[in-house]
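The following exercises concern the fold of a single protein chain. Each task is followed by a solution that proceeds step by step.

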Amino acid sequence: MNIRNILFILPVLVVGACSPTDSDSPAPEDVFVKYFGESGLHEAVDVVFNESKSQFFILGSQNLGGGQFEDFFYAIADEGGNLIQQRAIDWPDSLGSRIDVPTSLKQINDDEYLVIGTSTDTDERSYIKWGVINHDLSMDGTYYDIHNAGNDLVAADIIKAANEDNVVILGTASTLEAITPGFR
């Protein structure tokens with residue numbers, strides 16, 4: 001008798017557990033997928049909704065070279081997810097294209113964003129790449145490299161400081177400084 005009850009209750013529980021119970025969840029007909037970019041590998045990294053323009057500003061990575069080359073990729077979409085504009089930015093070194101991996105995006109005003117990522121050159125040295133990009137993507141933006149001799153640097157995040165001219169950059173280095181035990 002107990003086995004029959006279990007065999008009857010188990011399917012009821014499985015079916016009941018699979019039905020959506022969250023009234024705030026989108027219905028299947030409300031979900032859609034948009035693809036931005038050319039044929040290749042793209043990965044979304046960060047997105048900001050610019051309320052003054054009612055548009056999404058999307059930061060991603062673009063790889064069109066089969067794994068050896070990666071670039072910062074920007075896309076602007078309207079509220080419906082329709083692509084307005086897109087642009088990829090590459091910073092080649094003297095030996096060729098670098099692997100540029102974006103990490104984070106922060107809106108600083110109605111027309112500009114801070115962006116940060118890691119750039120690896122053809123000698124496999126990694127640097128932090130950060131800069132300011134404008135919303136309409138009319139220019140490549142202004143970017144800066146942060147180098148540390150003997151260390152590979154990896155970007156984590158960028159934060160606008162209280163003073164309008166300063167930013168705080170977070171990241172990691174590949175080696176640790178030796179600490180001598182004792183008091184100073």
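Two strands count as paired if DSSP finds at least two bridges between them. Helices (H or I, at least four residues) and strands (E, at least two) are DSSP runs, numbered from the N terminus. The model is predicted: local features need pLDDT of at least 70, side-chain atom pairs count only at pLDDT 80 or more, and totals for chains, interfaces and linings use all residues. Residues are numbered from 1 along each chain as its sequence is written, and side-chain values use heavy atoms, with hydrogens and water left out.

**Exercise 1. Overall composition**

Task: State which elements the protein contains, and what share of its residues is buried.

Solution. Step 1: the protein has one helix and ten strands. Step 2: read from the N terminus, the order is α-β-β-β-β-β-β-β-β-β-β. Step 3: burial is judged by relative accessible area, where buried means under 20%, exposed over 50%, and partly exposed in between (1.4 Å probe, protein chains only). By this criterion, 29% of the 184 residues are buried. Step 4: contact means heavy atoms within 4.5 Å. Among contacts with a separation of 6 or more, 42% come from residues 24 or more positions apart.

**Exercise 2. The sheet E1 to E4**

Task: Determine the strand order of the sheet that contains E1, and explain why one side of each edge strand lacks a neighbour.

Solution. Step 1: the order is E1-E2-E3-E4 in an open sheet of four strands with antiparallel pairing. Step 2: the edges are strand E1 (41–50) and strand E4 (83–89); each has a single partner strand, so one side of each is left without a neighbour in the sheet. Step 3: within this sheet, strand E2 (residues 55–63) and strand E3 (residues 71–78) run antiparallel and are joined by eight bridges. As a specific pair, Gly60 has Phe73 in E3 as its bridge partner.

**Exercise 3. The sheet E5 to E8**

Task: Trace the sheet that contains E5 from one edge to the other, and say how many bridges join its strands.

Solution. Step 1: this open sheet of four strands has the order E5-E6-E7-E8, again with antiparallel pairing. Its edge strands are E5 (99–107) and E8 (142–146), each pairing on one side only. Step 2: E5 is joined to strand E6 (residues 112–120) by eight bridges, and Asp100 has Ser119 in E6 as its bridge partner. Step 3: nine bridges connect E6 with E7. The hairpin of these two strands has five residues between them, and Glu124 there takes a positive phi near 65°. Step 4: five bridges join E7 to E8, with Ile128 standing opposite Ile146 in E8. Step 5: strand E7 (residues 126–134) has eight of its nine residues buried, so it is largely enclosed by the rest of the structure.

**Exercise 4. Two polar residues in the sheet**

Task: Which side chains make polar contacts with those of Thr120 and Asn134?

Solution. Step 1: a polar contact is a pair of N or O atoms within 3.5 Å; within protein, one must be able to donate a hydrogen and the other to accept it, and residues adjacent in sequence count only if both atoms are side-chain atoms. Step 2: Thr120 lies in strand E6 and is buried, with a relative accessible area of 19%. Its side chain makes a polar contact of 3.0 Å with the side chain of Ser126, which is also the bridge partner of Thr120 in E7. Step 3: Asn134, in strand E7, is buried at 15% relative accessible area. The side chains of Asn134 and Asp136 are joined by a polar contact of 2.8 Å. Leaving aside neighbours within four places in sequence, Asn134 is in contact with Phe57, Asp111, Glu112 and Met139.

**Exercise 5. The nonpolar cores**

Task: Identify the residues with the most contacts inside the largest nonpolar core, and the element that gives the most to this core.

Solution. Step 1: a nonpolar core is a set of buried Ala, Val, Leu, Ile, Met, Phe, Trp, Tyr and Cys residues joined through side-chain atoms within 4.5 Å. Step 2: the largest has 14 residues, and those with the most contacts inside it are Phe57, Tyr74, Leu105, Val115, Ile133 and Tyr143. Step 3: E2, E3 and E6 each give two or more residues to this core, and E3 gives the most, with three. Step 4: a second, separate core of seven residues includes Ile116, Trp130, Ala155 and Ile158.
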